[in-house]
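Subject: Structure handover

Hello,

Here is the structure I promised to pass on. Please open it first, then read my notes below with the view beside you.

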Amino acid sequence: AVEDFESILWNIINNQNFQIHMFRNYLNPDGYYLGDTEETMREKVIREEMKEEMKEEMKEEKKEESKEEMKEEMKEETDDSAGVNLMSGLALASSVVAVSFLF
């Protein structure tokens with residue numbers, strides 16, 4: 001009778017342990033369970049910080065790329081406007097010369 005009682009108690013304990021783990025995983029699928037060891041939590045925090053740093057670096061790189069693109073566009077616009085100014089100046093000079101021949 002005592003042996004049967006002991007096996008019943010072990011079955012209850014095993015069943016409850018299984019239920020605890022299943023419920024813990026259900027509540028916290030990402031694995032940030034407070035019962036984790038300190039080392040495991042530290043590793044997770046470091047990993048998350050590294051992800052954030054990488055995201056920030058990527059944002060900075062995109063900003064730098066967009067700044068470079070804007071500089072290139074402005075340079076092209078400046079070059080174009082200089083050419084337009086030159087052409088306008090030549091057109092004005094030629095019209096002045098043409099008008100001076102008329103008089």
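Start with one contact. Glu60 forms a salt bridge with Lys63, and their closest N and O atoms are 4.0 Å apart. Find both residues in helix 2. Glu60 and Lys63 are three residues apart there, so about one helical turn separates them. Keep in mind that this is a predicted model.

How exposed are the two partners? Glu60 has 40% relative accessibility, so it counts as partly exposed. Lys63 has 47%, so Lys63 counts as partly exposed too. The idea behind such contacts is simple. Side chains of opposite charge can pair when their charged atoms come close.

**The other salt bridges**

How many salt bridges does a search of the whole structure find? It finds three. You have just seen one of them, Glu60 with Lys63.

Next, go to Glu48. This residue forms a salt bridge with Lys51, with 3.8 Å between the closest N and O atoms. Both lie in helix 2, which covers residues 38–102. They are three residues apart, or about one turn of the helix. Glu48 is partly exposed, because its relative accessibility is 33%. Lys51 reaches 43%, so Lys51 also counts as partly exposed.

Then look at Glu52. Its partner in a salt bridge is Lys55, and the closest N and O atoms are 4.0 Å apart. Again helix 2 holds both residues, three residues apart, about one turn of the helix. Glu52 has 42% relative accessibility and so counts as partly exposed. Lys55 has 47% and is therefore partly exposed as well.

**A negative patch**

Stay with the glutamates. Which residues form a negative surface patch? They are Glu49, Glu53, Glu57, Glu61, Glu65, Glu69 and Glu73. Among them, Glu69 lies in helix 2.

**The aromatic pair**

Now move to helix 1. A search of the whole structure finds one aromatic pair. The rings belong to Phe23 and Tyr26, with their centres 6.4 Å apart and their planes at 25°, so the pair is stacked. Why stacked? Planes under 30 degrees apart count as stacked, and this pair is at 25°. In general, a pair of aromatic rings is described by the distance of the centres and the angle of the planes.

Phe23 and Tyr26 both lie in helix 1, which covers residues 2–27. They are three residues apart, about one turn of the helix. Are these two residues buried or exposed? Both are exposed.

**A nonpolar patch**

Helix 1 has another residue worth finding: Phe5. Together with Ile8, Leu9 and Ile12, Phe5 makes a nonpolar surface patch of about 370 Å². Phe5 is exposed, because its relative accessible area is 51% and the cut-off for exposed is over 50%.

**The whole chain**

Finally, step back. The chain has two helices and zero strands. It has 103 residues, and buried residues make up 2% of them. The accessible surface comes to about 9800 Å². Carbon and sulfur atoms account for 61% of that surface.

For a quick check, find these in the viewer:

- Glu60 and Lys63, a salt bridge in helix 2
- Phe23 and Tyr26, the stacked pair
- Phe5, Ile8, Leu9 and Ile12, the nonpolar patch

Best wishes

Conventions: Residues numbered from 1 in each chain as written. Predicted model: local features only at pLDDT ≥ 70, side-chain atom pairs only at ≥ 80, totals over all residues. Heavy atoms only, no water. Salt bridge = Lys/Arg side-chain N within 4 Å of Asp/Glu carboxyl O. Helix = DSSP H or I, 4+ residues; strand = E, 2+ residues; numbered from the N terminus. Buried < 20%, exposed > 50% of the residue type's maximum accessible area, 1.4 Å probe, protein only. Phe/Tyr/Trp six-rings, centres within 6.5 Å; stacked < 30°, edge-to-face > 60°. Patch = residues over 30% accessible without salt bridge, like charges linked within 9 Å, V, L, I, M, F, W, Y side chains within 5 Å. Areas by Shrake-Rupley, 256 points an atom, 1.4 Å probe, with all protein chains shown as cover. Lys, Arg positive; Asp, Glu negative; His and termini not counted. Charge placed at Lys NZ, Arg CZ, Asp CG, Glu CD.
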